[in-house]
Amino acid sequence: MEKVILDGKQVSQDIRKKLADRVETLKNEYEITPCLATILVGEDPSSETYVRMKGNACEKLGIKSEKIHLSADIDTEELLNTIERLNNDASVHGILLQHPVPSHIDERKAFESIAIEKDVDGVTSTGYGQTAFGFGKYPSCTPAAIMEILHYYGISAEGKNAVVVGRSPILGKPVSALLLNENATVTTCHSHTKDLPAVLSSADIVVAAIGKPQYIRGEWLKEGVVVLDAGYNKGNIGDVDYDSCYQQASAITPVPGGVGPVTISMLLKHTVDAAEESK
Ligand SMILES: Nc1nc(=O)c2c([nH]1)NC[C@@H]1CN(c3ccc(C(=O)N[C@@H](CCC(=O)O)C(=O)O)cc3)C=[N+]21
């Protein structure tokens, strides 16, 4: 059986190369510099790393990155005020509020306050609804990345059994919707699922989005399965047990170097899209 390692760095490079030209055109012909505002609340070191990576990726492409770092003890109101200011700032095209925020803050309320035309990270319920109905401009970035990888490698979801493990608002739910829109038969599993290995045994495509390191085992999967690992556990460990899943798979994303870099590329792409929409 031919085996493909789905190379997220390669996919990501191709996307970013195309974006560089669009950024140049925006600057030279329209005097618009695309700008992404990132909001980080508190001091979680891995969140700091991800936000720094996003900012650096922007700057490398000539996208302006406005980094806002708020202290862990702010209240929901202060966060809403910050988002309101960015909503009203015409020089800002996209807003990313890094998840998770400290638990005393109402994260859902904050996400909902992001203006839809700046919701490049696909976190609002309007954005999710549009994604689910199939006309959304900016699906959440990790779900968008997963679909981008499938398209890049010519892997069709049509008629396939796709099993998504996880149902979070910016990952499991929207990726289930995107796969459904491409005519997969989608099953979404979660902590109440009775027999996960039994459900997985019929999967042609598996998306792991649980947040448990190396949880999905190759013994649960059928031969030839396509495995997309959206896990980002501490130490760059995915949600699938790579070695055993690799044995069964016809195609698999590694961690690192799989879904992660493409997630950042989709964020960049959506920011450039939003800047173009603003002309
Ligand atoms: N509002 C919001 N939107 C997000 O999209 C979002 C979020 N919150 N919170 C956290 C998760 C996590 N996430 C990652 C993005 C890139 C890598 C990534 O590029 N990882 C590299 C390795 C990381 C490294 O080199 O340290 C890789 O997989 O190759 C990982 C994780 C986005 N998230």
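A crossing of two helices is called left-handed if the near helix is turned anticlockwise from the far one by less than a right angle. In this predicted model, the crossing of α1 and α10 is left-handed. The two helices pack with their axes 9 Å apart and at an angle of about 20°. Since angles under 35 degrees count as roughly parallel, α1 is therefore roughly parallel to α10. Where they meet, α1 contributes residues including Ile15, Leu19, Val23 and Leu26, while those from α10 include Val262, Ile264, Leu268 and Val272; charged side chains take part too, among them Arg16 and Arg22 in α1 and Lys269 and Asp273 in α10.

From this helix pair the reader can move to the largest nonpolar core, which holds 47 residues and in which Ile146, Leu179, Val226, Leu228 and Leu268 touch the most other members. Among the elements that each supply at least two residues of this core are α1 (8-30), α6 (141-152), β8 (225-229) and α10 (259-277), and the largest share, 9 residues, comes from α10. Because domain 1 (33-118) and domain 2 (141-260) both give residues to this core, it lies between them.

Apart from this core lies another one, of 20 residues, which includes Ala37, Leu97, Val101 and Val123.

Returning to the largest core, Leu228 shows what surrounds one of its members: leaving aside neighbours within four places in sequence, Leu228 is in contact with Leu6, with Ile146, Ile149 and Leu150, with Ile205, Val206, Val207 and Ala208, and with Thr253.

Methods: Residues are numbered from 1 along each chain as its sequence is written. This is a predicted model: local features need pLDDT of at least 70, side-chain atom pairs count only at pLDDT 80 or more; totals for chains, interfaces and linings use all residues. Side-chain values use heavy atoms; hydrogens and water are left out. A nonpolar core is a set of buried Ala, Val, Leu, Ile, Met, Phe, Trp, Tyr and Cys residues joined through side-chain atoms within 4.5 Å. Buried means under 20% relative accessible area, exposed over 50%, partly exposed in between (1.4 Å probe, protein chains only). Helices (H or I, at least four residues) and strands (E, at least two) are DSSP runs, numbered from the N terminus. Domain bounds come from an automatic or database domain assignment. Contact means heavy atoms within 4.5 Å. Axes are lines fitted to C-alpha atoms, for helices over the stretch in contact, and angles run from 0 to 180 degrees between N-to-C directions. Angles under 35 degrees count as roughly parallel, over 145 as roughly antiparallel, 65 to 115 as roughly perpendicular and the rest as oblique.
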